[in-house]
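Ready for a few warm-up exercises? Keep the sequence and the 3D view side by side, try each task on your own, then read through the worked solution.

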Amino acid sequence: MLKYIFKRILVMIPTLFVTSVLIFTVINLPEGDYFETMVAEMQAQGEKADMSRVEFLKKEYGFDKPPLERYFWWATGLLRGDMGYSFEYQLPVRDVVGDRLLLTMIVSFFTIIFTWIVAFPIGIYSATHQYSWGDYGLTFIGLLGLAVPHFLLALIFLYFANIWFGTSIGGLVDPQYLNQPMSWAKFKSVLEHLWIPVIIIGAGGTAGMIRKLRANLLDELQKQYYVTARAKGLPPGKALRKYPLRMALNFFISDIGDILPSIVSGAEIVAIVLSLQTTGPLLIRALQSQDMYLAGSFLMFLSFLTVIGVLISDIALALLDPRIRLQGTATK
């Protein structure tokens, strides 16, 4: 296992290198840069840009240098833990992302817990009561959750909250806590506003997990080892927990590679609709304004979390399911 982990870590190095090249290339593909975009926006608004300051900033942050040299400067900075400087916010990227990253992780953590708590009992019930009225009803709800886009569900919640209760459910904190450092009072305000985004964001994930768990569990319940265990008199609940349910969780373990970056990135469109102070809208705005270091460094952080998540899921799968081995061997 240690040898396998070491090999996978070595593979992660060229993977992240290629990813960084692709991110840097794609972000720089559009013509111009952040400063040219800023000047164009100022001129469109009838304002006069200070071109001497623009030229100074371009030279200060290396935009007058060849792309290869700029990539090397950015990549070596990431290795030192320096995520660069956000031109739009005029702050280091670490300071811009910091508070939003914490709020995003809180929302995502509770969304994942909500998804597991709702999806696991329903998925198990649907599989063990196949073709019952309960199975049909829960299947319909699951398909509805998959079909309705998150942003549309958010708009529906906003509308009815305003019509029924005369209140706005947008945002994650009360107005007085905006742009304030995290405190106990702010954290309580976050918890008060949290349940609406958790339900909206978790709806699609819950429905998807129910369908996956039901399909995998139905497949396992028809296999010979479960039939034999039941024939020997093992109680249904114990037989279900000990054998098929454990095997049916493989898809859940393999999704860890997607869970880690989703915890940090959050649901971008829902965050915009609900005015959530998370990292999703921040990333979209950085890409629109060509704020290269903010967008590129954040995307690289998500890529790092992805490769770490895939490694963790592979190790967990090998430990969970004895049928999975690190490498194949010849058998006779």
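**Exercise 1. Find the accessible surface of the chain and the share of it that belongs to carbon and sulfur atoms.**

Solution. Step one: the accessible surface of this predicted model comes to about 19,100 Å². Step two: carbon and sulfur atoms account for 66% of that surface. Step three, for the overall picture: the C-alpha atoms fill a box of roughly 85 × 65 × 35 Å along the principal axes. The chain has 332 residues, and 40% of them count as buried.

**Exercise 2. Describe how the chain is built from helices and strands, and how its contacts are spread along the sequence.**

Solution. Start by counting elements: there are 16 helices and two strands. Then turn to contacts between residues at least 6 apart in sequence: 75% of these join residues at least 24 apart.

**Exercise 3. Work out which helices build the largest nonpolar core.**

Solution. Begin with the members. The core has 33 residues, and those touching the most other members are Phe35, Phe63, Trp74, Phe87, Val97, Tyr293 and Leu294. Next, the suppliers: helix 1 (2-28), helix 2 (34-44), helix 3 (51-60), helix 4 (67-79), helix 5 (93-128), helix 15 (279-288) and helix 16 (292-320) each give at least two residues. The largest share, ten residues, comes from helix 16.

Now zoom in on one member. Leaving out residues up to four places away in sequence, Phe63 touches Asp33, Phe35, Lys58, Arg70, Phe87 and Tyr293. Finally, look for a separate core: a second one has 21 residues, including Leu217, Ala248, Leu249 and Phe252. As background, nonpolar side chains tend to be buried together in soluble globular proteins.

**Exercise 4. Locate the nonpolar surface patch and decide whether Leu155 is buried, partly exposed or exposed.**

Solution. First, pick out the patch residues: Phe151, Leu152, Leu155, Ile156, Tyr159, Phe160, Ile163, Trp164, Ile269 and Ile272 together make a patch of about 970 Å². Second, see where they sit: helix 7 (150-165) and helix 14 (268-273) each supply at least two of them. Helix 7 gives the most, with eight residues.

Third, take Leu155, which lies in helix 7. Its relative accessible area is 42%. Buried would need a value under 20% and exposed one over 50%, so Leu155 is partly exposed.

**Exercise 5. Count the salt bridges, then find out which parts of the chain the Asp314 and Asp135 pairs link.**

Solution. The count is five salt bridges.

- Asp314 and Arg8: their side chains meet at 2.4 Å, N to O. Asp314 is in helix 16 and Arg8 in helix 1, so to speak a long way off along the chain: 306 residues apart. With 24% relative accessibility, Asp314 counts as partly exposed.
- Asp135 and Arg214: here the N to O distance is 2.8 Å. This pair links helix 6 (residues 133-147) with helix 8 (residues 184-221), across 79 residues. Both Asp135 and Arg214 are buried.

For a bonus step, check Asp219 and Lys223, whose side chains meet in a salt bridge at 3.8 Å, N to O. Asp219 is partly exposed at 43%, and Lys223 is partly exposed too, at 28%. Salt bridges with shared partners join Asp219, Glu220 and Lys223 into one network.

**Exercise 6. Explain why Thr111 counts as buried, and list what surrounds it.**

Solution. Find Thr111 in helix 5. Its relative accessible area is 8%, so Thr111 counts as buried. Now check its polar side-chain atom: one lies 2.7 Å from the backbone oxygen of Val107. Beyond residues up to four places away in sequence, Thr111 touches Val198, Ile201 and Gly202.

**Exercise 7. Say where Gln90 and Tyr131 sit, and give their phi angles.**

Solution. Take Gln90 first: this residue is in the loop between strand 1 (85-86) and strand 2 (91-92). Its phi is positive, about 55°, although Gln90 is not a glycine. At 51% relative accessible area, Gln90 is exposed.

Then move to Tyr131, in the loop between helix 5 and helix 6. The phi of Tyr131 is near 65°, again positive in a residue other than glycine. Tyr131 is exposed, with a relative accessible area of 56%.

Notes
Residues numbered from 1 in each chain as written. Predicted model: local features only at pLDDT ≥ 70, side-chain atom pairs only at ≥ 80, totals over all residues. Heavy atoms only, no water. Core = buried A, V, L, I, M, F, W, Y, C linked by side-chain atoms within 4.5 Å. Buried < 20%, exposed > 50% of the residue type's maximum accessible area, 1.4 Å probe, protein only. Helix = DSSP H or I, 4+ residues; strand = E, 2+ residues; numbered from the N terminus. Contact = heavy atoms within 4.5 Å. Patch = residues over 30% accessible without salt bridge, like charges linked within 9 Å, V, L, I, M, F, W, Y side chains within 5 Å. Areas by Shrake-Rupley, 256 points an atom, 1.4 Å probe, with all protein chains shown as cover. Salt bridge = Lys/Arg side-chain N within 4 Å of Asp/Glu carboxyl O. Polar contact = N/O pair within 3.5 Å; in protein donor to acceptor, adjacent residues only side chain to side chain.
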